[in-house]
Number of protein chains: 2
Amino acid sequence: VTAPLVGVLGGGQLGRMLALAGTPLGIRFRFLDPDPDAPARQCGELVVGRYDDSGLLAAFADGLTVVTYEFENVPAATARLLADRAPVFPPQGALAASQDRVPEKELFRSLGIPVPAFAGVETLEDLRAAGGPGGPVGLPCVLKTRRLGYDGKGQAVVRTIDELAPAFASLSRGVTGDGSTGGLIAERMIPFERELSIVAVRGARGEFAAYPLVENVHAGGILRRTTAPAPNVAPALQRRAEDAARAVMERLNYVGVLAIELFDVGGELLVNEMAPRVHNSGHWTQDGAETSQFENHLRAILGWPLGPTGVRTPTVMVNLIGTWPDPRDVLALPGVRLHLYDKAPRPGRKVGHVNVLGRDLVEAAARASAVEALAGARACGPSPARA
Amino acid sequence: VTAPLVGVLGGGQLGRMLALAGTPLGIRFRFLDPDPDAPARQCGELVVGRYDDSGLLAAFADGLTVVTYEFENVPAATARLLADRAPVFPPQGALAASQDRVPEKELFRSLGIPVPAFAGVETLEDLRAAGGPGGPVGLPCVLKTRRLGYDGKGQAVVRTIDELAPAFASLSRGVTGDGSTGGLIAERMIPFERELSIVAVRGARGEFAAYPLVENVHAGGILRRTTAPAPNVAPALQRRAEDAARAVMERLNYVGVLAIELFDVGGELLVNEMAPRVHNSGHWTQDGAETSQFENHLRAILGWPLGPTGVRTPTVMVNLIGTWPDPRDVLALPGVRLHLYDKAPRPGRKVGHVNVLGRDLVEAAARASAVEALAGARACGPSPARA
């Protein structure tokens with residue numbers, strides 16, 4: 001019996017948690033990351049270098065059973081080069097569809113899945129036409145870079161006509177500051193009641209499974225708290241979310257875990273965005289579900305049977321942002337499962353999370369508040385999409 | 001915040017599972033093992049060399065927060081040398097008490113905890129006096145090496161007077177064959193109803209917690225199946241087992257996880273042996289308990305708060321002996337959590353285990369039988385201590 005060797009593009013916390021989930025299954029890991037201190041370095045072989053170094057990619061791919069990635073901004077050329085040497089899952093079409101917000105929304109719309117009104121924006125005139133009076137998007141709207149945004153970076157809220165020009169100016173140099181934005185997108189700002197997400201997994205033979213919808217609270221563009229399962233979810237709502245996930249995955253011939261962020265607007269679901277990978281809003285599954293998203297992603301990309309996705313215990317996931325409290329203080333609290341990423345503290349950086357379990361969500365939420373008090377986290381900060 | 005660095009003597013599966021439990025808590029690991037292919041090598045830094053190499057031990061100890069071990073046969077000189085450089089937990093007295101079956105049993109007896117009748121045996125005449133008519137041990141008895149026995153090695157059952165001499169001859173060269181037996185011990189063979197064990201943990205400030213008693217089935221001297229919690233345990237039985245564990249741990253000023261194997265003889269508990277470490281009969285806690293034995297051992301030796309030891313889900317642990325089935329076949333079964341050790345297959349070798357969860361023990365046991373059928377395991381083979 002030869003151990004499967006999984007190659008992971010990116011050695012961050014998601015790669016690290018994939019390895020921690022897969023090692024007991026007899027899976028070995030090799031990571032590629034430019035950072036020699038990448039969080040996954042303790043959990044497998046780390047190849048240090050650039051994602052566009054073709055010689056390095058060939059060495060990285062040598063002997064791999066399968067390649068996967070922990071971030072969606074994998075260069076298309078990288079994915080193509082690797083695909084010549086080993087299967088790459090999720091498939092390249094999923095990368096393309098999730099790297100640019102315009103085709104991403106067009107994909108959902110083509111499947112009959114509601115998305116907020118949007119328009120591609122190349123010039124200030126495009127933005128004025130989209131967001132101005134009578135425009136297809138209107139105000140308030142959110143202006144975003146089409147590519148490379150994350151954790152609220154590359155976004156600006158526009159509430160008045162006067163704010164259109166400054167927002168355009170602030171974003172037109174892109175997230176990286178070099179103008180490689182791939183353009184902008186204007187999206188109608190949705191007065192949502194809450195943010196939900198669904199994590200689903202599709203196997204190599206088309207098997208499909210989905211975790212229950214969860215409820216997410218963001219602050220400053222960063223996920224702070226996930227409640228799993230989301231309270232007050234009618235079966236029809238869960239079914240609609242699962243149907244959307246299944247439709248997208250079938251269209252893309254998807255293999256692996258996919259996450260979709262949704263706005264709940266009076267029981268109507270609008271897709272915000274998707275991530276073709278394990279996702280922060282699925283971290284609760286490590287301790288609260290019958291199979292973790294990390295294990296299910298690995299099972300899927302290796303062609304193994306999927307694991308059950310039911311809830312074992314109601315769980316509230318609390319992100320640790322910027323820094324983390326003394327582990328002794330966290331571990332003295334009831335119901336906690338601590339997950340640190342071995343990252344240096346830095347403002348706004350996700351450095352760990354705590355899964356907080358309870359007999360019910362009331363107990364889990366109360367316990368989570370105690371964790372947040374320790375961590376200095378503010379779960380209920382102003383959300384950019386609320387007026 | 002500096003990450004604690006835990007040094008582990010031995011890089012086998014127990015060390016590997018300590019690291020898999022501790023990495024999410026921000027703990028780093030360094031292992032010392034003579035085998036460059038030790039199972040823990042993927043999960044931390046592996047120092048390859050002998051346990052009695054004092055120069056290597058000094059390098060191994062450099063910068064460690066604490067030292068622990070995954071096997072009890074750590075040479076006393078090794079533990080002393082390391083103790084000059086870092087705290088060693090469990091303490092050296094626990095090593096001494098568990099390395100030799102005679103002082104081990106004397107320790108329990110001195111605390112008023114019942115053990116089977118026993119006698120130290122240096123010569124065939126000693127054995128005849130102990131096991132013969134009117135002797136303190138009687139027949140049938142089990143003759144064992146005082147030191148270095150494991151998984152049924154270094155043991156012989158003696159049923160008749162005629163078997164005394166051949167058993168003595170077969171064991172007097174010891175487990176390693178070089179005569180370094182430290183002598184033998186004759187123990188009365190107990191007509192037990194079942195084998196139980198208790199895993200307990202004691203913190204650096206004397207805090208004590210115990211997992212529920214579990215029921216173990218051995219075959220050929222090797223643990224095959226653990227049922228957790230053990231069925232039909234009256235509160236008084238659990239209390240007696242916990243009291244025994246607490247008494248031994250307090251006497252030894254113990255810090256860390258300790259396992260005690262017990263015979264249940266009509267509701268009376270007799271101590272068989274103890275292990276000053278995480279234990280195979282505690283592996284169910286990884287998936288079935290509120291905190292795993294591995295996490296609790298680390299919490300204890302680092303002076304962190306202990307975690308709760310309650311049952312999350314009834315669990316049957318099935319050992320994979322000699323070889324392991326295709327992971328795809330295991331993972332297609334309901335309720336399974338697979339743990340492979342990355343060891344080469346070899347007859348009689350523990351290469352992994354499966355924790356099988358169920359709504360109740362009836363369901364977990366039925367599911368476990370399906371795993372055993374796959375694995376070719378026989379949970380109900382003849383047990384050497386049954387007549």
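Reader: What is the accessible surface of chain A, and how much of it belongs to carbon and sulfur atoms?

Author: The model is predicted. In it, chain A has an accessible surface of about 14300 Å². Carbon and sulfur atoms hold 52% of that.

Reader: What makes chain A as compact as a globular protein of that length?

Author: Start with the content: twelve helices and 17 strands. The radius of gyration of chain A is 20 Å, and the globule rule gives 21 Å for 387 residues. The two values are close, so chain A counts as compact as a globular protein of that length. The C-alpha atoms fill a box of roughly 65 × 50 × 40 Å along the principal axes.

Reader: What share of the residues in chain A is buried, and by what cut-off?

Author: Buried means under 20% relative accessible area. In chain A, 60% of the 387 residues meet that.

Reader: How many of the contacts in chain A with a separation of 6 or more come from residues 24 or more positions apart?

Author: They account for 62% of those contacts.

Reader: How do you know which residues of chain B and chain A are in contact, and how many are there?

Author: Contact needs heavy atoms within 4.5 Å. By that test, 33 residues of chain B touch 33 residues of chain A. The two chains bury about 2900 Å² between them, 53% of it on carbon and sulfur atoms. On the chain B side, B:P24, B:R312 and B:L331 lose the most area to chain A, together 20% of what that side buries.

Reader: What makes β3 and β4 of chain B edge strands?

Author: Their sheet is open, with four strands in the order β3-β2-β1-β4 and parallel pairing. β3 (45–48) and β4 (66–69) each pair on one side only, which puts them at the edges. Neighbouring strands are turned by 25 degrees on average, direction ignored.

Reader: Why are β1 and β2 of chain B called paired?

Author: Two strands pair if DSSP finds at least two bridges between them. β1 (residues 5–9) and β2 (residues 28–33) of chain B have five, in the parallel sense. So they pass. One of the partnerships sets B:L5 against B:R28.

Reader: Which strands of chain B form the antiparallel open sheet, and which helix packs on it?

Author: The order is β5-β8-β6-β7 in chain B. β5 (118–121) and β7 (155–158) are the edges. The twist averages 20 degrees from one strand to the next. Four bridges join β6 (residues 141–145) to β7. There, B:V142 stands opposite B:V157. Helix α7 (residues 164–171) of chain B packs on this sheet, touching β5, β6, β7 and β8 (184–188). The direction of α7 makes about 175 degrees with that of β7.

Terms used
Residues numbered from 1 in each chain as written. Chains lettered and ligands numbered in written order. Predicted model: local features only at pLDDT ≥ 70, side-chain atom pairs only at ≥ 80, totals over all residues. Heavy atoms only, no water. Helix = DSSP H or I, 4+ residues; strand = E, 2+ residues; numbered from the N terminus. Axes fitted to C-alpha atoms, helices over the stretch in contact; angles between N-to-C directions. Rg over C-alpha atoms; globule rule 2.2 N^0.38 Å. Buried < 20%, exposed > 50% of the residue type's maximum accessible area, 1.4 Å probe, protein only. Areas by Shrake-Rupley, 256 points an atom, 1.4 Å probe, with all protein chains shown as cover. Buried area = accessible area lost by both parts, 1.4 Å probe.
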